[in-house]
There are 2 protein chains.
Amino acid sequence: MTRMSRSAAAEHRASVFKALGEPTRLRIVDYLRSRTRDATGTEIAAHVGISLALLCHHTDELVECGLLTKRKEGQTSLWHLNGDRLAATVAHFVD
Amino acid sequence: MTRMSRSAAAEHRASVFKALGEPTRLRIVDYLRSRTRDATGTEIAAHVGISLALLCHHTDELVECGLLTKRKEGQTSLWHLNGDRLAATVAHFVD
DNA sequence: GTCATGGTTCAATGCTTGTTAAACTATTAA
DNA sequence: TTAATAGTTTAACAAGCATTGAACCATGAC
């Protein structure tokens with residue numbers, strides 16, 4: 001995050017919270033946090049108990065707000081949790 | 001928070017993030033955090049730039065998820081930010 | 001080539017949510 | 001009692017969102 005107006009920063013911070021404010025997405029993030037290695041789509045979908053189609057939808061939103069990054073290896077996709085972004089967003093509320 | 005199942009706790013945590021995931025509500029919380037004393041409805045509404053009716057709607061949701069508490073003094077209402085609840089929700093993401 | 005696997009996109013559906021304006025209650029002031 | 005202030009509730013509307021199933025596109029195995 002290089003430079004950003006105060007309100008734009010607030011909007012962005014809100015978009016991260018919004019992404020976390022959906023139980024399924026929160027479980028995706030929690031699952032990724034519980035692991036050491038990045039996870040494939042099938043792994044996440046199975047663990048969270050949703051279809052791949054729905055996973056795609058949710059990960060799109062998590063990627064959009066910068067919480068996740070995606071990388072392709074052959075036909076499988078690997079998702080990585082951006083811990084720094086998460087910590088930075090939350091840092092506003094830690095004294 | 002006395003006792004709660006793992007999934008119920010996750011749902012509740014999500015509800016807090018959801019409340020914070022709306023720019024107007026995030027500004028309400030930020031404003032309350034920037035102050036030392038509790039704030040009246042008119043103060044908050046003026047600072048955030050919304051009507052009292054809309055403020056009522058948003059504070060209802062913030063009270064619902066335990067982030068705010070309300071107290072009445074005469075005809076004015078005073079809102080208090082529950083910093084502990086906020087810190088507890090966010091603590092999951094701080095190593 | 002054919003087939004299965006892993007993921008993505010699309011369209012449709014129904015539910016939720018943010019916002020507005022108007023009506024309403026309770027308290028304080030004149 | 002009348003009027004203003006502070007907040008609440010309600011109804012209504014548009015916009016957004018989560019979910020589903022089907023179609024689609026690559027990649028890898030046979």
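This is a short walk through a predicted model with two protein chains and two DNA strands.

Let us begin with chain A on its own. Its secondary structure amounts to five helices and three strands. If you follow the sequence from its start, these elements come in the order α-α-β-α-α-β-β-α. The C-alpha trace of chain A spans about 40 × 25 × 25 Å along its principal axes. How does that fit with a compact globule? For 95 residues, such a globule would have a radius of gyration near 12 Å, and the 14 Å of chain A agrees with this. Of the 95 residues in chain A, 29% are buried. The contacts tell us something about how the chain comes back to itself: among those in chain A with a separation of 6 or more, 46% join residues that are 24 or more positions apart.

Two residues of helix H1 in chain A make a good stop for a closer look. Lys18(A) belongs to this helix, which covers residues 6-20. Is Lys18(A) buried or exposed? Lys18(A) has 20 other C-beta atoms within 10 Å, so Lys18(A) is buried. Ser15(A) is also part of helix H1 of chain A, but Ser15(A) has 18 other C-beta atoms within 10 Å and is therefore partly exposed. You can also use these two residues to get a feeling for distances in the chain. Lys18(A) and Val90(A) are 72 residues apart along the chain, and their C-alpha atoms are separated by 13 Å. Ser15(A) and Ile50(A) are 35 residues apart along the chain, with 23 Å between their C-alpha atoms.

Now let us bring in chain B. How are the two chains related? A rotation of 180°, with 0.0 Å of shift along its axis, superposes chain B on chain A with an RMSD of 0.1 Å. This is the relation of a two-fold axis. The same surface serves both copies, as 100% of the contact residues of chain B recur in chain A.

The contact itself draws 17 residues from chain B and 17 residues from chain A. On the chain B side, the elements that give two or more residues are helix H1 (6-20), helix H2 (23-34) and H5. Which of them gives the most? That is H1(B), with seven residues. By character, the residues on the side of chain B that touches chain A divide into eleven nonpolar, one polar and five charged.

Helix H5 of chain B, residues 83-91, rewards a look from the side. Its buried residues are Leu86(B), Thr89(B) and Val90(B). These cover an arc of only 90° around the axis, which means that they lie on the same side of H5(B). On the face of H5(B) turned away from the buried side you will find the exposed residues Asp84(B) and Ala91(B).

Another residue to visit in chain B is Thr59(B), which sits in helix H4. Thr59(B) counts as buried because it has 20 C-beta neighbours inside 10 Å. Beyond its neighbours within four places in sequence, Thr59(B) is in contact with Leu68(B) and Trp79(B). Thr59(B) and Ile28(B) are 31 residues apart in sequence, and 8.5 Å separates them in space, C-alpha to C-alpha.

Finally, turn to the DNA. Strand C is surrounded by 18 residues, and the closest are Gly41(A), Thr42(A), Ala53(A), Gly74(B) and Gln75(B). The elements giving two or more residues to this surface are helix H3 (41-48), helix H4 (52-64) and strand S3 (76-81) of chain A, along with helix H4 (52-64) of chain B. The residues near DNA strand C divide into five nonpolar, eleven polar and two charged.

What about DNA strand D? Here 19 residues surround the strand, the closest being Gly74(A), Gly41(B), Thr42(B), Ala53(B) and Cys56(B). Two or more residues of this surface come from each of these elements: H4 of chain A, and helix H3 (41-48), H4 and strand S3 (76-81) of chain B. The residues near DNA strand D divide into six nonpolar, eleven polar and two charged.

Note on methods
Residues are numbered from 1 along each chain as its sequence is written. Chains are lettered from A and ligands numbered from 1 in the order in which they are written. This is a predicted model: local features need pLDDT of at least 70, side-chain atom pairs count only at pLDDT 80 or more; totals for chains, interfaces and linings use all residues. A residue is near a molecule or strand if its C-beta atom, placed from the backbone, lies within 6 Å of it. Helices (H or I, at least four residues) and strands (E, at least two) are DSSP runs, numbered from the N terminus. Ala, Val, Leu, Ile, Met, Phe, Trp, Tyr, Cys and Pro count as nonpolar, Asp, Glu, Lys and Arg as charged, and the others, Gly among them, as polar. The radius of gyration is taken over C-alpha atoms; the globule rule is 2.2 Å times the number of residues to the power 0.38. A residue is buried if 20 or more other C-beta atoms lie within 10 Å of its own, exposed if 12 or fewer, and partly exposed in between; C-beta atoms are placed from the backbone. Two residues are in contact if their C-beta atoms, placed from the backbone, lie within 7 Å. The arc is that of the directions from the helix axis to the C-beta atoms. Copies are superposed by least squares on the C-alpha atoms of residues with pLDDT of at least 70 in both.
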